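I am opening this notebook page to record what I looked up, element by element. The structure comes first, and my entries come after it.

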Amino acid sequence: MRKPLSIYVHIPFCKHKCMYCDFLSFEGETNTKKIQYINALMSEIRMYKPYADRYIVKTIYIGGGTPSVLDEAMIGNVLNTINHIFKVDRFPEITIEVNPGTIKYTDLLAYREYGINRLSIGLQSADDEILRMLGRIHNYDEFVDGFEAARRAGFENISVDAMSGLPGQDMHSMVDTLTRITELSPEHISVYSLQVEDGTKLKERPDLLDMLPDEEADRSMYHMTKKVLKAAGYQRYEFSNYAKPGFESRHNIVYWTGGQYIGLGIGASSYFKGERYSNIRNMDNYIDICEDIREELTKDTDRARLYDSATAILRENVQTIFLESRIEEYMFLGLRMLRGINRQEFQDKFKRDVFEIYGDIINKYVSQGFMYADENYVRLTDKGIDVSNYILSDFILTT
């Protein structure tokens, strides 16, 4: 029986790197470089041939960067290669991230032809001035035009990203953004709180940092987000994610429930065959290694041996995930979901009841009102979510 698998494809190109972005991405790359990268991606995909028959791909997520800056045929070539090497489920969830400033109707039609059935559109804010300060390449009207074009192209599963805690943002602008999004009725909404990361353009802009809402204002926006989206019919199923019933992100749920996934492209992370690792982050090195793989694939080469030798130089930060670490991660990620930890699923996965391992900790937080537990689930309460970082630190088994 084939095991379920998810695939993440990293497209590290964008027109303009946003002020807050700390993802591995590059602006201004030539078309030649993009073609080289896509060819490298396809070689990396083919490298998995010795193991592909053991799995069935349930979800594919194409992220970035901004995947929609590529010629749509490049996206098609990547997906065709995945379909050629792997067995893909009859009804997969296949998502691509798009930026409102790069959406073309003809590309959207092509995406549908390639089997892409879900879009993730990054709006961030409906306030054009905030978008300008963030370095976004679109305004709100362009977002609406792109959203409506996606509907005309036949997309029935659209997610919209928004952010809170942005420079110059207040409760009024936050609620206005959420209201405008819900009026368009996307199937899924993600709302993330801004994190100022080292190495970003924002970190070097004290004028913008001075405009950030304080912690109390950001927390108020967080609570208001729940109220506005609940009133509009969106169910919160993870700390930052809301969906209409049946439209939860199947791909992200794989991450949160400890499923296996392969990350393709520079810097992409994987959890596969009991190991967690990421690909190297240097573009030229990645392309060169994958070119060597392509050349070896044209020869009568032992594919399994090629896989082992190639991954030895393609990957970094390789960690074998032992039982205690698997349990920790399962708790950390599973408790981010509003349903919490399913006790039967935990039992099936680890052959022990969650209370055998964490009973004292769970009972402590239940008594304090931070957690809820019954015969089926263990989860954080709203009060517990507010201090989740503190609570989750108690679930560490290894030192």
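The entries below go through two helices, a loop residue, some aromatic rings and some strands.

**Entry 1, the model.** I note at the outset that I am working from a predicted model.

**Entry 2, helix H6.** I started with H6, whose 13 residues should span 18 Å at 1.5 Å a residue, and I found its end C-alpha atoms 19 Å apart, which agrees. At the N-terminal end I found a cap from Asn139, with a side-chain oxygen 3.2 Å from the backbone nitrogen of Asp141. Just after the helix, I noted that Gly154 takes a positive phi of about 105°. I then listed the buried residues of H6 as Tyr140, Phe143, Val144, Gly146, Phe147, Ala149 and Ala150. These buried residues pack against helix H4 (105-113), strand E6 (118-124), helix H5 (128-134), E7 and H7.

**Entry 3, a ring pair in H6.** I counted 17 aromatic pairs in the structure. For Phe143 and Phe147 I read ring centres 6.2 Å apart and planes at 50°, so I entered the pair as tilted. Why are Phe143 and Phe147 separated by about one helical turn? They are four residues apart in helix H6 (residues 140-152), which accounts for that separation. In general, an α-helix has 3.6 residues a turn, so residues three or four places apart point the same way. Phe143 is buried, with a relative accessible area of 0%, and Phe147 also counts as buried, at 2% relative accessibility. Elsewhere I wrote down one aromatic cluster, formed by Tyr48, Tyr51, Tyr55, Phe86, Phe272 and Tyr307.

**Entry 4, Gln169.** I looked up this residue in the loop between strand E7 (158-164) and helix H7 (171-184). Is Gln169 buried or exposed? At 6% relative accessibility, Gln169 counts as buried, because the cut-off for buried is under 20%. Leaving aside residues up to four places away in sequence, I found that Gln169 touches Ile130, Met163, Ser164, Met174, Pro213 and Met221.

**Entry 5, helix H11.** This helix (residues 283-297) has 15 residues, and I read 21 Å from its first C-alpha to its last, close to the 21 Å expected at 1.5 Å a residue. Asn282 caps its N-terminal end through a side-chain oxygen that lies 3.1 Å from the backbone nitrogen of Asp284. In H11 I found Met283, Tyr286, Ile287, Ile289, Cys290, Ile293 and Leu297 to be buried. They cover an arc of only 165° around the axis, which puts them on the same side of H11. As packing partners for the buried residues of H11, I listed strand E2 (13-14), strand E3 (26-27), helix H1 (31-47), strand E13 (275-279) and helix H12 (303-314).

**Entry 6, strands.** I saw that strand E1 (residues 3-11) and E11 pair in the parallel sense over four bridges, with Val9 opposite Leu264 in E11. From strand E11 (residues 261-264), Tyr261 and Gly263 point one way and Ile262 and Leu264 the other way, and all are buried. I also looked up an open sheet of three strands, in the order E15-E17-E16, with antiparallel pairing. Strand E15 (341-342) and strand E16 (371-373) stand at its edges, each with a single partner strand, so one side of each is left without a neighbour in the sheet. Two bridges join E15 to strand E17 (residues 377-380), and in E17 the bridge partner of Ile341 is Val378.

Notes:
Residues numbered from 1 in each chain as written. Predicted model: local features only at pLDDT ≥ 70, side-chain atom pairs only at ≥ 80, totals over all residues. Heavy atoms only, no water. Expected span 1.5 Å × (residues − 1). Buried < 20%, exposed > 50% of the residue type's maximum accessible area, 1.4 Å probe, protein only. Arc of directions from axis to C-beta. Contact = heavy atoms within 4.5 Å. Polar contact = N/O pair within 3.5 Å; in protein donor to acceptor, adjacent residues only side chain to side chain. Pairing = 2+ DSSP bridges. Phe/Tyr/Trp six-rings, centres within 6.5 Å; stacked < 30°, edge-to-face > 60°.
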